[in-house]
Structure formats: C-alpha cells, structure tokens
Amino acid sequence: MTTGGEGAVSLEVFKLLVDRAGLGLSQKELEELKPLYDLHLEYANQLHAIDLGAEEIAVAFQPDWPA
C-alpha cells in the first residue's frame, strides 16, 4: 500500500490492513507494531521512487550447472 506521499497511515487504516491479513492483533500490539510499519512503508516508498531507467527491465539468471 502506498500513501501517495502523505506520510504514515492512520491507526484505523493500519488496523484494517492487519484485520484483512487475518492477524488478529490486540490494540496494544497494533500500537506497538504501527511505528515499525510506518518506518518500513517509508523505505518501500523510497525504493519505488527510484528510476533505474533501462536497467529496470533487464533481468538475467545464469545458473552455474555442473557439466
């Protein structure tokens, strides 16, 4: 989930995300986990904002199989 640059999600939205995932956390657990979610959401937004140009579409896998 991206926030469109508006910062952290509200506790209510976070609770909806947690409930939808079926985690069933208590209110105390939600309040303890939310700052970590906000931190990692910001990191994810930074990663998604990087423009890698043509390198973005180049994917290669060269397995080193024994002959």
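Begin by selecting L11, F14, K15, L17 and V18 in α1 together with Q27, L30, E31, L33, K34 and Y37 in α2; these two groups of residues meet in this predicted model. Coloured by class, the contact of α1 with α2 shows 7 nonpolar, 1 polar and 3 charged residues.

Next, display the two helices as cartoons. Their axes lie 10 Å apart, and the helices pack at an angle of about 100°. An angle from 65 to 115 degrees counts as roughly perpendicular, and α1 and α2 are therefore roughly perpendicular to each other.

Now select L30 and show its surroundings. Apart from neighbours within four places in sequence, L30 is in contact with L11, F14, K15, V18 and L25.

From L30, extend the selection to V9, F14, V18 and L41. Together with L30 these residues form the largest nonpolar core, which has 5 residues in all. The elements contributing two or more residues to this core are α1 (11–20) and α2 (27–49). In soluble globular proteins, nonpolar side chains tend to be buried together.

Finally, move to D38, which is placed in helix α2. Is D38 buried or exposed? D38 counts as buried because its relative accessibility is 18%, and the cut-off for buried is under 20%. Show the side chain of K34 as well: the side chain of D38 makes a polar contact with it, at 2.6 Å. To complete the view, add A8 and V9, both of which D38 touches when residues up to four places away in sequence are not counted. Of these two, V9 has already appeared on this tour, as one of the residues of the largest nonpolar core.

Note on methods. Residues numbered from 1 in each chain as written. Predicted model: local features only at pLDDT ≥ 70, side-chain atom pairs only at ≥ 80, totals over all residues. Heavy atoms only, no water. Core = buried A, V, L, I, M, F, W, Y, C linked by side-chain atoms within 4.5 Å. Buried < 20%, exposed > 50% of the residue type's maximum accessible area, 1.4 Å probe, protein only. Helix = DSSP H or I, 4+ residues; strand = E, 2+ residues; numbered from the N terminus. Contact = heavy atoms within 4.5 Å. Polar contact = N/O pair within 3.5 Å; in protein donor to acceptor, adjacent residues only side chain to side chain. Axes fitted to C-alpha atoms, helices over the stretch in contact; angles between N-to-C directions. Parallel < 35°, antiparallel > 145°, perpendicular 65-115°, else oblique. Nonpolar A, V, L, I, M, F, W, Y, C, P; charged D, E, K, R; others polar.
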